[in-house]
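Please find below a note on the ligand site and on one helix pair. The points are numbered for ease of reply.

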Amino acid sequence: MKKLPLKFDYTNLLAENIGSEGISILEIERFSEITKTYHKILTNDKESDKIGFYNLPFDKKLVKDINKFVKLNKDRFENFVVLGIGGSALGNIALLNSLKHTFHNFLPKKERKGLKIFILDNIDPEYVYNFLRTIDIKKTLFNVISKSGSTAETAAQFLIIVDLLKRKLKNKFTRNLVITTDEKNGDLRKIVDKYKINSFTIPENVGGRFSVLSSVGLLTAGFANIKIENLLKGAEDMLKKCQTEKLLENPAYLNATFHYLLDTQKKKNISVMFSYSNSLYYWADWYRQLWAESLGKNRNRNGEIIAIGQTPVKALGVTDQHSQVQLYTEGPNNKVFTFLQIEEFRNDTTIPKFRTNYSSLDYLSGHKLSELFNSEMKATEYAISSKGRPCCKIIFPKINEYTIGQFIMLYEIQTAFAGELYNIDAFNQPGVEAGKIATYGLLGREGYGDKAKEILTKDKDRKII
Ligand code: PA5
């Protein structure tokens, strides 16, 4: 494996280059001292095992267990299906889309190398209905992923699948199940113990949106024939790079500080991740959850109401140039942009060389699509930054397990550090919990009756025409 380093280009975040809406090097340097304090706090949290995602690249036993489990099961099944939502699904989807063939599930078995993978991350009734009629249940291994073991959506999917499996396989239904959940807590763990179902554990100190490098993402990766070891090596090397307290040498801390200052001083409360790659686009989805759920908070650690958090938005190059860029260049200057750029694409196509004598066509002749694609990215970066709007780039020399591992760790550390800058708890999600509780009430879960009454009373006042 060639160790290609991920790069962070912050040229166009700087006031020196884009003018007063950027952040000056001097302002960044003012954060050098406080960075050392936050670095100490995070290092303590890591070393005392309060925050667990830092340790995931080093779990050699898990890699061994996953490889063994995959080896034992890969020839028994045709499909691997994840039942899960949020942090239990988004990393899996992004791993598959970035590291596997665009049409992985359509490839012939020999070429596909790995099972067909499906991530059922919603309970839209039509979506679930159609899906269940597409696959052969008997040839499918279902991985039920839920840290809490009680999320309504995953629980509903689980019940539907268990019922179907029982009908097809009678008392052998557990053979087609694996459960990934907390080591000790939650009803799913109890079910694992009662029915002796195969299971993997999510460390107690790793929350859903930080869990892609735990069993949550690695089991899917294993069944998709993704090289887990290289993924973890990339994460480990990025962790090493981000272990310095020197702000200007630490890409995670530096990007967090830029985003924090742009949000709080320059009113850039929208953060657009603009992926110039279809394969990386789903990482923008993963980022949306990571940034939004971690930093979108009502109160700071002192209990004061601050209601902060940048709104993360995803965009796809070049497609969204013809949909969003008008707004991005001329609409409100309230956004910071992060371009995801690939230097060397895994595949390319050359535009044929023949001449047509039409000037609107002939300039393209003989160029590669990658040249056109990346030139358009450069042009868009130019158009946005020359209007004094801040943007940066995360540069992938190439997409592979090693660079993706680096990207994951970079953004997880960046998010944890941003939590320190905002002085909030980046690892809880009270807003999500509130929605979960309301759902329990509406569906009649024992103990949640008052919540249902409260919601239904409000229904009387709806204004509908
Ligand atoms: O990041 C989080 O903690 C959440 O988005 C969860 O991943 C999501 O709510 C699903 O929760 P669970 O894994 O408990 O089913």
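1. In this predicted model, the side chain of glutamine 289 places an N or O atom 2.6 Å from an oxygen atom of the ligand. Threonine 151 likewise brings a polar side-chain atom to 2.5 Å from an oxygen atom of the ligand. For lysine 436, the corresponding separation between a polar side-chain atom and a ligand oxygen atom is 3.3 Å.

2. On its own, the ligand has 380 Å² of accessible area, and the protein covers 93% of that area.

3. The ligand is surrounded by 14 residues. Ser146, Lys147, Ser148, Thr151 and Gln289 are the closest of them; two of these five names, Thr151 and Gln289, recur from the first point. By character, the shell comprises nine polar residues, four charged residues and one nonpolar residue.

4. Turning to the helix pair: two packed helices are described by the distance between their axes and the angle between those axes. Helix 5 spans residues 90-99 and helix 10 spans residues 215-223. Their axes come within 9 Å and cross at roughly 35°, and the crossing of helix 5 past helix 10 is right-handed.

5. Which residues make the contact between helix 5 and helix 10? Helix 5 contributes Asn92, Leu95 and Leu96, while helix 10 contributes Val216, Gly217, Thr220 and Ala221. The residues of this contact comprise four nonpolar and three polar, with no charged residue, whereas the ligand shell includes four charged residues.

Terms used: Residues are numbered from 1 along each chain as its sequence is written. This is a predicted model: local features need pLDDT of at least 70, side-chain atom pairs count only at pLDDT 80 or more; totals for chains, interfaces and linings use all residues. Side-chain values use heavy atoms; hydrogens and water are left out. A residue is near a molecule or strand if one of its heavy atoms lies within 4 Å of it. A polar contact is a pair of N or O atoms within 3.5 Å; within protein, one must be able to donate a hydrogen and the other to accept it, and residues adjacent in sequence count only if both atoms are side-chain atoms. Accessible areas come from the Shrake-Rupley method with a 1.4 Å probe; for residues, only the protein chains shown count as cover. Ala, Val, Leu, Ile, Met, Phe, Trp, Tyr, Cys and Pro count as nonpolar, Asp, Glu, Lys and Arg as charged, and the others, Gly among them, as polar. Axes are lines fitted to C-alpha atoms, for helices over the stretch in contact, and angles run from 0 to 180 degrees between N-to-C directions. Helices (H or I, at least four residues) and strands (E, at least two) are DSSP runs, numbered from the N terminus. A crossing is left-handed if the near helix is turned anticlockwise from the far one by less than a right angle, and right-handed if clockwise. Contact means heavy atoms within 4.5 Å.
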